[in-house]
Amino acid sequence: MRVRVGGTHFPVETLGPGRRLGIWLQGCPLACPGCMSRHTWEPENGESMDVAELLELWRAALARGAAGLTVSGGEPLAQPAALAELLRGAALLRAAWTRPGATDDGLPADLLVYTGYEEPELGAARRAALAPADAVVTGRFRIAEPTGLVWRGSANQRLTPQSGLGRVRYAPHLDREADEPTVQVVVEPAQASDGPSGPPSVRLFGVPRRGELTYFERQLRERGLRLRGRSWRP
Ligand code: SF4
């Protein structure tokens, strides 16, 4: 099955517990004011991939000790059939590929999905697509409701475990305020289109606290660096 993908990265360390594979599905119809991932809104942008290619990335991440998979966007439920196939496949693969002792808590790799839909908006079809996830973060980003809650961009967003693994893995984090860095900075070589002596590019992963994004952009600009493929999740 084909799916539009905004980006992937491993390891992501700011969107769920441990070192994770991040997959950002392209397209979001929700248009939250203040969204910091506007580049993910347009459903035709990003890259067309096969779900099997994403599952191969997941298999490779598990072999490298991934603690989990985080699917975000954009809005993953804008492509519900592909999301369901991805999560089902990911659940099957982790049974075969999770490396013993790979995670800090000794638990298998988990599946976490971010959706901007609120709980009451999910309905049967969306819930079915999300069913294989161990935990979901639900709710629009609301710029007027800042929060210190780990992995959430606004105070209304809910982190809800959905499986036995999710309940154990996420129990310590449901009401936890982040005391670790919430943004991961990844510097990459210049793109071919910039020529051989072009500047390196920077991508940010995570949930910046209020004002942090402006701070990062200023710091990077002063060093002659630029952001590419913004992938954080508010
Ligand atoms: S914050 Fe998330 S749900 Fe809201 S518009 Fe941006 S990508 Fe969509």
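In the predicted model, the C-alpha centres of domain 1 and domain 2 are separated by 23 Å. The contact between the two draws 15 residues from domain 1 and 10 residues from domain 2. Domain 1 covers residues 2–173 of the protein chain, and domain 2 covers residues 183–227. A separation within domain 1 can be set beside the distance between the centres: the C-alpha atoms of Gly65 and Leu149 are 26 Å apart in space, with these positions 84 residues apart in sequence. Gly65 belongs to the loop that connects α1 and β4. With a relative accessibility of 9%, Gly65 falls under the 20% limit and is therefore classed as buried.

Electrostatic pairing was examined next. Across the whole structure, 13 salt bridges are found. One of them joins the side chains of Arg20 and Asp110, with an N to O distance of 2.8 Å. This pair bridges distant parts of the chain, as Arg20 is placed in strand β2 and Asp110 in strand β5 (residues 110–114), 90 residues apart. Both Arg20 and Asp110 are buried. The two residues also take part in a network of salt bridges, in which Arg20 and Asp110 are linked with Asp105 and Arg169.

A salt bridge with a local sequence separation is formed by the side chains of Arg59 and Glu56, at 2.7 Å from N to O. Both residues are in helix α1 (residues 51–63), and because they are 3 residues apart, about one helical turn separates them. Arg59 has a relative accessible area of 23% and is partly exposed. Glu56 is likewise assigned to the partly exposed class, at 41% relative accessibility. The Arg20 and Asp110 pair is buried, whereas Arg59 at 23% and Glu56 at 41% are both partly exposed.

Another salt bridge is made between the side chains of Arg176 and Glu180, where the N to O distance is 3.0 Å. The relative accessibility of Arg176 is 22%, a value that places this residue in the partly exposed class. Glu180, at 26% relative accessibility, is partly exposed as well.

Helix geometry was assessed for α2. The 18 residues of α2 should span 26 Å at 1.5 Å a residue, and the C-alpha atoms at the two ends of the helix are 25 Å apart, so the model agrees with the expected span. The buried residues of this helix are Ala82, Leu83, Ala84, Leu86, Leu87, Gly89, Ala90 and Arg94. An arginine, Arg94, is thus listed with residues such as Leu83 and Leu86 in the buried set of α2.

The backbone contains two cis peptide bonds of note. The bond from Phe10 to Pro11 is cis, with omega near 0 degrees, and Pro11 is located in strand β1 (residues 2–12). The bond joining Gly73 and Gly74 is also cis, with omega about 10 degrees. In contrast to the strand position of Pro11, Gly74 occupies the loop between β4 (68–72) and α2 (80–97).

Positive phi values occur at two residues other than glycine. For Trp151, phi is near 65 degrees. This residue is part of the loop between β6 (135–138) and β7 (158–161). Trp151 is classed as buried because its relative accessibility of 9% is under the 20% limit. For Ala31, phi is near 50 degrees, and the residue is located in the loop between β2 (20–25) and β3 (47–50). At a relative accessible area of 39%, Ala31 is partly exposed, since this value lies between the limits of 20% and 50%.

Ala31 also appears in the surroundings of the ligand. The ligand is surrounded by 12 residues, of which Cys28, Ala31, Cys32, Cys35 and Trp41 are the closest. By residue class, the shell around the ligand consists of 8 nonpolar, 3 polar and 1 charged. Ala31 therefore combines a partly exposed position with a positive phi and a place among the closest residues to the ligand.

Key: Residues numbered from 1 in each chain as written. Predicted model: local features only at pLDDT ≥ 70, side-chain atom pairs only at ≥ 80, totals over all residues. Heavy atoms only, no water. Helix = DSSP H or I, 4+ residues; strand = E, 2+ residues; numbered from the N terminus. Buried < 20%, exposed > 50% of the residue type's maximum accessible area, 1.4 Å probe, protein only. Expected span 1.5 Å × (residues − 1). Near = heavy atom within 4 Å. Nonpolar A, V, L, I, M, F, W, Y, C, P; charged D, E, K, R; others polar. Salt bridge = Lys/Arg side-chain N within 4 Å of Asp/Glu carboxyl O. Domains from an automatic or database assignment. Contact = heavy atoms within 4.5 Å.
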